[in-house]
Amino acid sequence: MISLTDVQKRYSDEVAIGPVDLQIPAGGITTLIGPNGAGKSTLLTMIGRLLGLDEGTITIAGYDVSSTPSKDLAKIVSILRQENSFITRLTVRQLVGFGRFPYNKGRLTVEDEKVISRAIDFLELTDLEGRYLDQLSGGQRQRAYVAMVLSQDTEFVLLDEPLNNLDMKHSVQMMKHLSRAADELGRTIVTVLHDINFAGRYSDYICAVKEGKVVEFGTPAEIMDGDVLTRVFDTPVKVIDGPDGPLAVYY
Ligand code: ADP
Ligand code: MG
């Protein structure tokens, strides 16, 4: 379980996130939704220990993220940030290899190579593994970053907008991969998604963030509701019965 208690982050006098109290259950996919600037990335990067908190406590599987040594946390939680800036002359395989760093400090073992190959396979990047990152499309690069995070082999996986740059087919595939990682590998996945219908279809829980606060937390059946979504996003949203469950309609 991931537990946030009275968590606050102040960027300035005008911009403050929290206080947030939130329990994310172990297992399955929990998705953060909400308008731009609501504080989703801030919450995710605090959970992923890449950003300090001003107040409160976050624990992951009982480990306090503010006091547990990074090298230990890196074995239980991995994070894909919204912006990835280290696009250099690295191949896909080299990038994915970085996920193994917490285990080997840069010297890859035979076991590491297997985990790397599995992550590359999982994201269907095998044919591209020798390519440099700057020779990929945005969507291919996005999949390479997700493969890097999966190769870290942690129980908790945080992904900020993993569908960024992905076309329809690859968005569906990515969500299916993530579902499988949750179901078959027992991972706990926390994502930020903009497509509310992907959130509704693939999440076990949805957490709505607005103006720095958690305003809703529930199952897709509870959150996929016209009134709830209209309130969260401040724009008219209808929810209709689709062939595979509720669908949000907005335009
Ligand atoms: P979201 O991911 O929901 O779009 P963010 O967590 O990125 O929202 O941002 C929440 C708020 O905090 C926004 O108003 C944003 O402008 C502000 N913010 C984010 N990062 C910083 C920063 N490093 N310094 C100052 N303000 C920031
Ligand atoms: Mg964000």
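**Ligand 1 and the two sheets of the model**

In this predicted model, a backbone N or O atom of G37 lies 2.7 Å from an oxygen atom of ligand 1. A further backbone N or O atom, belonging to A38, is found 3.2 Å from an oxygen atom of the ligand, and the side chain of T42 places an N or O atom 2.5 Å from an oxygen atom of ligand 1. Taken alone, the ligand exposes 560 Å², of which the protein buries 58%.

The shell around ligand 1 consists of Y11, V15, I17, P35, N36, G37, A38, G39, K40, S41 and T42. Sorted by class, these surroundings comprise 5 nonpolar, 5 polar and 1 charged residues. Helix 1, which spans residues 40-47, supplies the largest share of the shell, with 3 residues.

Helix 1 also lies across strands of two sheets, which are described in turn. An open sheet of 6 strands has the order 6-7-8-3-9-10, and its pairing is mixed. Strand 6 (77-80) and strand 10 stand at the edges of this sheet, and because each has a single partner strand, one side of each is left without a neighbour in the sheet. On average, and with direction ignored, neighbouring strands of this sheet are turned by 15 degrees against each other.

Both senses of pairing can be followed within the sheet of 6 strands. Strand 3 (residues 28-33) and strand 8 (residues 188-192) run parallel and are joined by 5 bridges; I29 has I189 in strand 8 as its bridge partner. Strand 9 (residues 205-210) and strand 10 (residues 213-218), by contrast, run antiparallel and are likewise joined by 5 bridges, with I206 standing opposite G218 in strand 10. The hairpin formed by strand 9 and strand 10 has 2 residues between the strands, and E211 in this hairpin takes a positive phi near 50 degrees. Helix 1 lies across strand 3, strand 6, strand 7 (156-160), strand 8 and strand 9, and runs at about 150 degrees to strand 7.

The other sheet is open as well, with 4 strands in the order 2-1-4-5 and antiparallel pairing. Its edges are occupied by strand 2 (16-24) and strand 5 (63-64), each of which has a single partner strand, so that one side of each is left without a neighbour in the sheet. Within this sheet, strand 1 (residues 2-10) pairs with strand 4 (residues 55-60) in the antiparallel sense over 5 bridges, and L4 stands opposite I58 in strand 4. Helix 1 lies across strand 1, strand 2 and strand 4, running at about 120 degrees to strand 1.

Two features of the backbone in the sheet of 4 strands remain to be described. Most residues other than glycine have a negative phi, and most peptide bonds are trans. In strand 1, where D6 is located, this residue has a positive phi of about 50 degrees although it is not a glycine. In strand 2, which contains P19, a cis peptide bond joins G18 and P19, with omega at about 0 degrees. Strand 2 also includes I17 within its range of residues 16-24, and I17 is one of the residues that surround ligand 1.

Definitions and conventions. Residues numbered from 1 in each chain as written. Chains lettered and ligands numbered in written order. Predicted model: local features only at pLDDT ≥ 70, side-chain atom pairs only at ≥ 80, totals over all residues. Heavy atoms only, no water. Near = heavy atom within 4 Å. Polar contact = N/O pair within 3.5 Å; in protein donor to acceptor, adjacent residues only side chain to side chain. Areas by Shrake-Rupley, 256 points an atom, 1.4 Å probe, with all protein chains shown as cover. Nonpolar A, V, L, I, M, F, W, Y, C, P; charged D, E, K, R; others polar. Pairing = 2+ DSSP bridges. Axes fitted to C-alpha atoms, helices over the stretch in contact; angles between N-to-C directions. Contact = heavy atoms within 4.5 Å.
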